[in-house]
Amino acid sequence: ARALTPQTAETDAIRFLVGTQSLRYDNQIHIIDFDDENNIINKNVLLHQVGEIWHISTSPADKGVLATCYNKTSDSKVMTCAAVWRMPKELESGSHESPDDSSSNTQTLELLCHLDNTAHGNMACVMWEPMGDGKKIISLADNNILLWDLQESSAKAVLSSSAALEGKGQLKFTSGRWSPHHNCTQIATANDTTVRGWDTRNMRQIYCIENAHGQLVRDLDFNPNKQYYLASCGDDCKVKFWDTRNVTEPVKTLEEHSHWVWNVRYNHSHDQLILTGSSDSRVILSNMVSISSEPFGHMVDDDELSDQEDQHQEEKIKEPLQDSVIATYEEHEDSVYAVEWSSADPWLFASLSYDGRLVINRVPRALKYHILL
């Protein structure tokens, strides 16, 4: 397995979706519910009979709707296609008890529509408009950016605009991210070693970071609180942080992994917390305070401090807190292809390795209280 996503619209129950990649069997989407109080994982399985799943994403507005990119073989050629699906009604909300015998009631996803890419090439990923009503999605297919409008309660996808990468050679997007800032009018894409920003209103390029990494760029993520900050990671084992207003140099670089970095994710609530997963089989949680929205820690109101504390506090405020690796998680024995924060609990995250192992972890308690207090 290499496809993992939180159920974005579910903000009460802790829930992740995992897509399988099996050549021999029907592929499946596993709905993973984590019961925090009893520390139990419950699982429901949905059949995804069209092919192995390379990417999965969920609607920000409708708990039951998701999109997958999957491989399909036709005329001995393999195509990566994308489709929008609805899960059965009774599985839409989180925190279900697992049925005793899950084999007897495996259900199937309902196909809402295909994102027709016959003219555009292989789909790399599908992104939903982050703050939207679940009606706008962008897919990246080979060297094309395609903006779709989902109509008739997602039963129909209409291509509303598109743009293509121009240049020499076989240009192909590897991943992309839709910015939650600027009224959701910007996306960032990665192709080869380059990161580009696009304006979705006219599909024009707004910035370009050439040679952002020494090798292929694998993933991107926007800081949820600082509108120009973007993280990238890639096959040069590095994670880099950019200010898109000045792209000549990264603001910071992390070099903690010893192999390709597949995934980088900002915490949605506390943007100093950065999660990365790599084919060195490790998940690393970093504390990037210096480039976060609270570089000097949580500001304390002057009235609350006595004189002595006051002096001490002032000294502390002058220097930014230090960046550091908080924890390295080594529960995986295979390449970690995906890491994601929970949409419901800001202190909880999941990681997925190629052998199908899903691990759920939480931010160390001491750090949590340090951030909150």
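How many residues of domain 1 are in contact with how many residues of domain 2? In this structure, 40 residues of domain 1 are in contact with 38 residues of domain 2, where contact means heavy atoms within 4.5 Å.

The structure is a predicted model, in which local features need pLDDT of at least 70 and side-chain atom pairs count only at pLDDT 80 or more, whereas totals for chains, interfaces and linings use all residues. Residues are numbered from 1 along each chain as its sequence is written, and side-chain values use heavy atoms, with hydrogens and water left out.

## Domains and the annotated repeat

The domain assignment of the chain gives domain 1 as 1-91 + 106-164 and domain 2 as 166-293 + 318-372; such bounds come from an automatic or database domain assignment. Taken over C-alpha atoms, the centres of domain 1 and domain 2 are separated by 21 Å.

An unreviewed UniProt entry carries the annotation "repeat: WD" for residues 210-246. UniProt positions are given in the numbering used here, feature names are shortened, and annotations may be inferred rather than shown by experiment. In the model, residues 210-246 are 0% helix and 46% strand, and the C-alpha atoms at the two ends of this stretch lie 12 Å apart. Helices (H or I, at least four residues) and strands (E, at least two) are DSSP runs, numbered from the N terminus.

## Aromatic rings

The structure holds 6 aromatic pairs. A pair of aromatic rings is described by the distance of the centres and the angle of the planes. Rings of Phe, Tyr and Trp (its six-membered ring) pair if their centres lie within 6.5 Å; planes under 30 degrees apart count as stacked, over 60 as edge-to-face and the rest as tilted.

One of the pairs joins Y329 and F349, whose ring centres are 5.3 Å apart with planes at 70°, so the pair is edge-to-face. This pair links distant parts of the chain, with Y329 in strand β25 (residues 324-329) and F349 in strand β27 (residues 348-353), 20 residues apart. Both Y329 and F349 are buried; buried means under 20% relative accessible area, exposed over 50%, and partly exposed in between (1.4 Å probe, protein chains only). F349 also pairs with W341: the ring centres are 5.4 Å apart and the planes stand at 70°, so this pair too is edge-to-face. W341 is buried, as is F349.

Ring pairs also link W260, W262, Y337 and Y354 into a cluster. Two arginines lie over rings named in this cluster. The charged end of R2 sits over the ring of Y337, 4.1 Å from its centre, and R218 lies over the face of W262, at 4.0 Å from the ring centre. A charge sits over a ring if NZ of Lys or CZ of Arg is within 6 Å of the ring centre and within 35 degrees of the ring normal.

## Cysteines

Why are C69 and C125 not bonded through their sulfurs? The sulfur of C69 is 6.5 Å from the closest cysteine sulfur, in C125, which is too far for a bond. For C113, the closest cysteine sulfur is that of C69, at 13 Å, again too far for a bond. A disulfide is a pair of cysteine sulfur atoms within 2.5 Å, and by this rule the count comes to 0 disulfides. C69 is buried at 0% relative accessibility, and C113 is buried with a relative accessible area of 6%.

## Individual positions

The table gives the place and accessibility of four residues.

| Residue | Place | Relative accessible area |
|---|---|---|
| R15 | strand β2 (residues 14-19) | 1%, buried |
| P180 | loop between β14 (173-178) and β15 (186-191) | 24%, partly exposed |
| M203 | loop between β16 (194-199) and β17 (204-209) | 8%, buried |
| N211 | loop between β17 and β18 (217-222) | 56%, exposed |

P180 touches P130, M131 and F222, not counting residues up to four places away in sequence. The C-alpha atoms of P180 and N225 are separated by 9.1 Å, with these positions 45 residues apart along the chain. R15 and L285 are 270 residues apart in sequence, and their C-alpha atoms are 20 Å apart in space.

Two residues of the table have a positive phi although neither is a glycine. Phi of M203 is near 55°, and N211 has a phi of about 50°.
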